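Thanks for coming, everyone. I would like to walk you through one protein chain, going from its overall build to a single strand and then to a few backbone details.

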Amino acid sequence: MALSTAFTKMFGVRHPIALAPMGGSAGGALAAAVSRGGGLGFLGAGGGDREWLAREVPIVAGAELPWGVGFLTWGVDIGAVEAALEHGPEAVMLSFGDPSPFVERVRAAGAKLIIQVTDLEEARQAVDLGADVIVAQGSESGGHGARHGRSTLPFVPVVVDLVAPVPVLAAGGIADGRGVAAALVLGAAGALVGTRFQATAEALVDPSIAKAIVEGSGEDTERNRALDIARGSDWPSRYTARTLGHPYLDQWRGREAELAANPQVQQAYWADVERGEIPPLPVWASEAIDLITDLPPAADLVAALAAQAEEALGRAGRR
């Protein structure tokens with residue numbers, strides 16, 4: 001069974017699987033490996049750090065395979081987007097904020113416009129802006145998402161119906177091929193996979209983070225703003241982050257206003273990082289981390305996800 005969809009046809013890839021552009025950890029080697037495996041690799045350019053882009057973009061561009069780059073719309077400037085576009089990505093993904101200031105530059109460069117949405121208002125805006133692909137992110141996802149988001153299972157088909165015929169990628173809590181198959185059954189043209197690819201050989205993560213993901217449980221994750229506030233991050237309040245447990249989260253859970261008013265906590269946080277008492281970053285992790293038990297090469301993982309998805313769909317078809 002060939003999993004051919006509007007997404008695979010649009011980008012000329014074998015499998016309906018895309019790497020989530022996880023800020024910092026989805027570097028050039030990981031994005032290139034996903035593309036080599038037959039998916040679509042995305043750089044996680046975040047706020048568009050120029051030094052990071054200068055180092056990582058040539059790695060994935062040099063693979064001479066389809067690739068893309070993702071930005072945090074609330075935190076990036078047009079210059080960073082233009083710098084990435086000079087290297088010819090097939091797609092630019094814009095997430096978390098108003099994408100409209102960047103749309104024309106992306107189109108002028110000939111790249112496909114992908115917009116990630118967390119609610120129906122954002123989905124309608126994405127259609128109005130002419131998105132080529134829309135990512136529907138459910139609240140099970142690791143890292144940042146809507147404070148009042150909806151679960152992937154009910155959210156994806158609503159978005160699929162709303163934005164048709166624009167192809168949709170499902171995101172949030174997809175960590176194996178069964179999740180990819182489920183996304184296709186829901187009407188999506190593919191799956192955007194994040195946390196599963198953080199636990200791969202090529203991911204730019206501290207070994208302690210990869211170890212925590214492999215050993216963690218979905219029950220250990222929760223959405224919060226406390227860690228953004230404690231580390232001085234400027235993330236908009238409408239987006240919380242799903243993380244594994246953390247000492248500062250235990251200390252400040254439910255006391256966000258008090259935390260924000262106490263600058264000494266931020267100083268203490270970074271002092272604890274320097275002493276090695278807490279990890280350099282929170283461990284962004286989806287509810288699906290129970291399914292993550294190893295650290296394979298990313299290209300092999302793409303093939304394994306696709307094969308498992310085909311098997312799951314085949315079983316469903318025989319019932």
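**Strand 11 and its surroundings**

Let me begin with one pairing: E222 has T243 of strand 11 as its bridge partner. Please keep in mind throughout that this is a predicted model.

That pairing belongs to a set of three bridges that join strand 10, residues 222-224, to strand 11, and these two strands run antiparallel. Strand 11 also pairs with strand 7, residues 143-146, through four bridges, again in an antiparallel arrangement, and here A146 has Y239 as its bridge partner in strand 11.

How many residues of strand 11 are buried? Five of the five are, across residues 239-243, so that I would call the strand mostly covered, with burial meaning under 20% relative accessible area. If you follow the side chains, Y239, A241 and T243 point one way while T240 and R242 point the other way, and all of them are buried.

Stepping back to the whole chain, we have 15 helices and 11 strands. The C-alpha atoms fill a box of roughly 55 × 45 × 35 Å along the principal axes, and the radius of gyration is 19 Å, which agrees with the value near 20 Å that a compact globule of 319 residues would have. Of those 319 residues, 56% count as buried. Among the contacts with a separation of 6 or more, 62% are between residues 24 or more positions apart.

As for the surface, the chain exposes about 13,100 Å², and carbon and sulfur atoms supply 51% of that area. There are 25 positive and 38 negative charges, whose mean positions lie 5 Å apart.

Now for the backbone details. Most residues other than glycine have a negative phi, and most peptide bonds are trans. With that in mind, look at the cis peptide bond that joins A164 and P165, where omega is about 10 degrees; P165 is found in the loop between helix 7, residues 152-163, and strand 8, residues 168-171.

Two residues that are not glycine have a positive phi, E64 with a value near 55 degrees and F96 with about 65 degrees. Are they buried or exposed? E64, in the loop between helix 3 and strand 3, counts as exposed because its relative accessibility is 72%, which is over 50%. F96, in the loop between strand 4 and helix 5, counts as buried because its relative accessibility is 9%, which is under 20%.

Methods: Residues are numbered from 1 along each chain as its sequence is written. This is a predicted model: local features need pLDDT of at least 70, side-chain atom pairs count only at pLDDT 80 or more; totals for chains, interfaces and linings use all residues. Side-chain values use heavy atoms; hydrogens and water are left out. The radius of gyration is taken over C-alpha atoms; the globule rule is 2.2 Å times the number of residues to the power 0.38. Buried means under 20% relative accessible area, exposed over 50%, partly exposed in between (1.4 Å probe, protein chains only). Contact means heavy atoms within 4.5 Å. Accessible areas come from the Shrake-Rupley method with a 1.4 Å probe; for residues, only the protein chains shown count as cover. Lys and Arg count as positive and Asp and Glu as negative; His and the chain ends are not counted. The place of a charge is taken as NZ of Lys, CZ of Arg, CG of Asp or CD of Glu. Two strands pair if DSSP finds at least two bridges between them.
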